[in-house]
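Open the model in your viewer and keep the selection panel at hand. The stops below each give a selection and say what is found there.

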Amino acid sequence: MKIFTLNLLTFLTFNFVIAQEKSFDYVEQHYVDYFSLNRETIFTQLNKTKFLKTEELWFKSYIYNTKTQKPNLTTTNVYVSIYNQENDLIEKKLFYAEDGMTNGNFKLSDYSPGIYHIKTSTNFNRNFKEQHYSLVQFEVMGENEQKHQNQNLSNTEYDLQFLPEGGHLLGNTNNTIGYKIINKEGNSIIIDSANIYNNNGDKISSFKSNEFGIGKFSLFIDPNDTYKVEAILANGDIVKRIIPKADLMGLTLNANNLNASNLFISLQTNEQTLPSLLNKTYYLIIHRDGLLKKINIDFEENKLNYVIPVPKKDLYSGMNIITVFNDEKKPILERLVFNYSPELIGNINLLNTKTKVDSTIIRLRTNLKDSVNKNISVSVLPTNTKSYTAEENIISSFFLNPYINGYVENPSYYFYDFDRKKSIDLDLLLITQGWSRYSWHNIFNSPPKRMHHFEAGMQIKGKLNGSSNSKKAKEIVLYSKESELMLASPLDTENYFSFENIFLIDSTSLFFSLKDDKGNITKPNVYVNIYPNYIADKLNYKIPIKQKTEPNQTIFDETFSFDNTTILDTVSIQNNVIQKPKNKIIRGAFNSNKINIKDRYDPFSVVTDVIRDNGFDIINTGAEVQILSRRATGFSGRTKPSIYVDNRLLSESELFELTQLRLELVDEIFISKTSAAGYGGRGGNINIFTKKGYRSSKQKLTFSQNMVSFGFSLPDEYYSPYYNKTQYVTFSNYGVLNWLPNLSMSNDGIFEFKIPNYRYEDISLFIEGMGSDGSLISKVITVKIE
């Protein structure tokens, strides 16, 4: 906690001291307690915001501690969920975060056209009333998207609001009044000119808005007068409103943030109120995220105006919240002020480009310290793109959004190339936003409780049951090839065991064996629970639908982007001596290749590991197992291979057997990804021969198997969709050139990457990033390709 003393300038009209009274402990202690649990604030960047069903959504998430203004390095478990326009959960994945960052992807082939939201959160976020998760809107385009368009585009209803600075209008004083105007769709409207008239119809003031329909004006309010506003909008419409009535007694607050060295905080009262303020101690506190600085205010006779200069070096970097408390410890005025700190916002610029035959090398350089390990994400799109309409960036998400209640149009505008104009516009925005998101009622009455724990990896808790409950039982051995685990847990006196903070991959198998005091391995009868579990929820946060598809847009999925192409498997070329098979393949011998299971796999691996590594997908729901070719054939989709064990064709119900067949019991495996006409399965053939003395029904298992129904999803390596490049205009509007979620800096401070050479002249780099020191990078760079 910080406490500071301010030096008075000679022109000040009153004195103040740092508050020391015990009566203030009530406010201070409740405030500190409310923020004793550090918040995790999250920003998620998408590679774009308009997708075809044949594309994938790629994302990068950054986790930030707004109190320390550094990456939240302890976060590991990050939930990424997608909701439809009705706020119903469509899909949820768990990702592993490291150094405050994670990335991944979602396939969109099964998504209906429409508007969606992707939410990024943690279990710990559930402890707080305020929103700290990331919520980003995106659109899947298609034939049904017209139903999502707004039908009220021609509606001329407007909402013109007058918002006094600090929260209250006071009669017989000069008031600073912020204003904003939006239409029925929530879009801002520019006020070209507006006049204020009194009861007599006299024009007493005028104003106009900025491009976001917001601004402020000063007005001395006579309580006996009525003030009418007539505003002429940019589209020619006229809006008339009456300014609300002012209070007869109270205080007003004004903050002047334009001076380079000081923030000037002004308090003003009227003659009716001043006698009630004398000999009473009021407090002004400057605070953010549990950090607090406090000032004691004493009122004097015949003094209606009070000015407090606060050196900006004594303010917190980023957002500062100014709250005035009366002598009854009640907050009566509040104002948000932003203190720009250059050291927290980095810059990145284009260094050079180098064009080759098939690609162009892009090189970037940042102004941050070379000792800082930086990690940035870059979406590379044609400059004319219509597919990237994200309004937020990493700076607005961490410096602005956590503190405000209302919707902000294009918040990233205020933090791209910050200058004096944007500083003024940001201050106008904060006036019109009113009080901060953190309710003092909640601070005093309902501080957050640690109901939802901080998750670090996954946890398995289990018990040895039934006949396996032997006095010789010593420990449970856990094995998972996909998750690269081989762990042991001792059994307690009641035969319970646990595995903590482990990494389990989603939809994979776990194998448990029982080890006795002599080291013998047997199959256990175990009951296990795996945490965290999949929790279905519904999005309960109402946000405006701002992203709209242009009317009469041509649907081009099938002609612009193709998804039925063949992705080549990894090819390994070795100079091996051809060995004669021990076993004779009776059926499905066409084009079969013998798999070297002896040198490539450990004996504890199972047959499905080999099948997966050689071009097939294994889908294990726990109730059934499917084996699918990764190659699509025409319009019929993916096909299934025929699988033989000792020349006996397995039925689909018998495929689960392969998930438990260890390689130590297997003699040879032959795999063919194709089949001859009339021979075997359309998706190929797999022949498995077991060792002598074993036939699958006779296997004595030494392990029990469980499925990870909800585990960590591994991010795929980005690949560019296969676009029809003859459709130049369409590609320019909706195509993607590259997505780099984890671009790191070289030793000489350079970021370097390649993009393919298509038919374009200009490209745009949408860059977001966060350094280990908390420095943030957000920039859009346009590059001209020669």
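Begin by selecting K356. Leaving out residues up to four places away in sequence, K356 touches I361 and N757. The coordinates come from a predicted model. K356 sits in the loop between β25 (348–355) and β26 (359–366). Is K356 buried or partly exposed? With a relative accessible area of 38%, K356 is partly exposed. Now add K754 to the selection: K356 and K754 are 398 residues apart in sequence, yet the C-alpha to C-alpha distance is 9.9 Å.

**Helix α1**

Next, select residues 25–34, which make up helix α1. Its buried residues are V27, E28, Y31 and Y34. Look down the axis of α1: the buried residues fall within an arc of 135°, so they line one face of the helix. As background, an α-helix has 3.6 residues a turn, so residues three or four places apart point the same way. To see what the buried residues of α1 pack against, show β20 (281–288), β21 (291–298), β23 (318–325) and α5 (440–445).

Stay here and display aromatic side chains. Ring pairs join Y26, Y31, Y34, F35, F325, Y403, Y438, W440 and F444 into a cluster.

**The nonpolar cores**

Which residues of the largest nonpolar core touch the most other members? Select F398, F399 and Y414; the core they belong to has 41 residues. At least two residues of this core come from each of α1, β4 (56–65), β20, β23, β24 (331–339), α3 (394–399), α4 (420–433) and α5.

Centre the view on F399. Setting aside neighbours within four places in sequence, F399 is in contact with Y64, Q69, M319, F338, L344, I345, F415 and L776. Another core, of 30 residues, lies apart from the one around F399. To find this second core, select V378, V380, Y388 and F753, which are among its members.

**Aromatic pairs**

How many aromatic pairs does the structure hold? There are 44. Two of them are worth a stop.

Select W58 and Y718. Their ring centres are 5.0 Å apart and the planes stand at 75°, so the pair is edge-to-face. W58 belongs to strand β4, while Y718 is in the loop between β43 (704–707) and β44 (722–723), so the pair ties together parts that are 660 residues apart in sequence. Both W58 and Y718 are buried.

Then select F95 and F106. Here the ring centres are 6.4 Å apart with planes at 65°, so this pair is edge-to-face. F95 lies in strand β7 and F106 in strand β8 (residues 101–107), so the parts tied together are eleven residues apart in sequence. F95 and F106 are both buried.

**Strand β6 and its partners**

From F95, move to strand β6 by selecting residues 77–83. Seven of the seven residues of β6 are buried. N77, Y79, S81 and Y83 point one way from the strand, and V78, V80 and I82 point the other way.

Add β7 (residues 89–96), which pairs with β6 in the antiparallel sense over seven bridges. Across this pairing, I82 of β6 stands opposite E91 of β7. The hairpin of β6 and β7 has five residues between the strands, and one residue to pick out there is N87, with a positive phi near 70°.

Now add β9 (residues 114–121). Strands β6 and β9 run antiparallel and are joined by five bridges. Y79 has S121 as its bridge partner in β9.

**Lysines over rings**

Select K119 and Y133: K119 lies over the face of Y133, 4.4 Å from the ring centre. A second example is K293, which lies over the face of Y316 at 4.5 Å from the ring centre.

**A five-stranded sheet**

For the last stop, display β36, β41, β42, β39 and β40, which in that order form an open sheet with mixed pairing. Which strands are at the edges? They are β36 (593–594) and β40 (648–649), each of which pairs on one side only. Zoom in on β39 (residues 642–645), which pairs with β40 in the antiparallel sense over two bridges. Finish by selecting Y644, which stands opposite L649 in β40.

Conventions:
Residues are numbered from 1 along each chain as its sequence is written. This is a predicted model: local features need pLDDT of at least 70, side-chain atom pairs count only at pLDDT 80 or more; totals for chains, interfaces and linings use all residues. Side-chain values use heavy atoms; hydrogens and water are left out. Two strands pair if DSSP finds at least two bridges between them. Helices (H or I, at least four residues) and strands (E, at least two) are DSSP runs, numbered from the N terminus. Buried means under 20% relative accessible area, exposed over 50%, partly exposed in between (1.4 Å probe, protein chains only). The arc is that of the directions from the helix axis to the C-beta atoms. Contact means heavy atoms within 4.5 Å. A nonpolar core is a set of buried Ala, Val, Leu, Ile, Met, Phe, Trp, Tyr and Cys residues joined through side-chain atoms within 4.5 Å. Rings of Phe, Tyr and Trp (its six-membered ring) pair if their centres lie within 6.5 Å; planes under 30 degrees apart count as stacked, over 60 as edge-to-face and the rest as tilted. A charge sits over a ring if NZ of Lys or CZ of Arg is within 6 Å of the ring centre and within 35 degrees of the ring normal.
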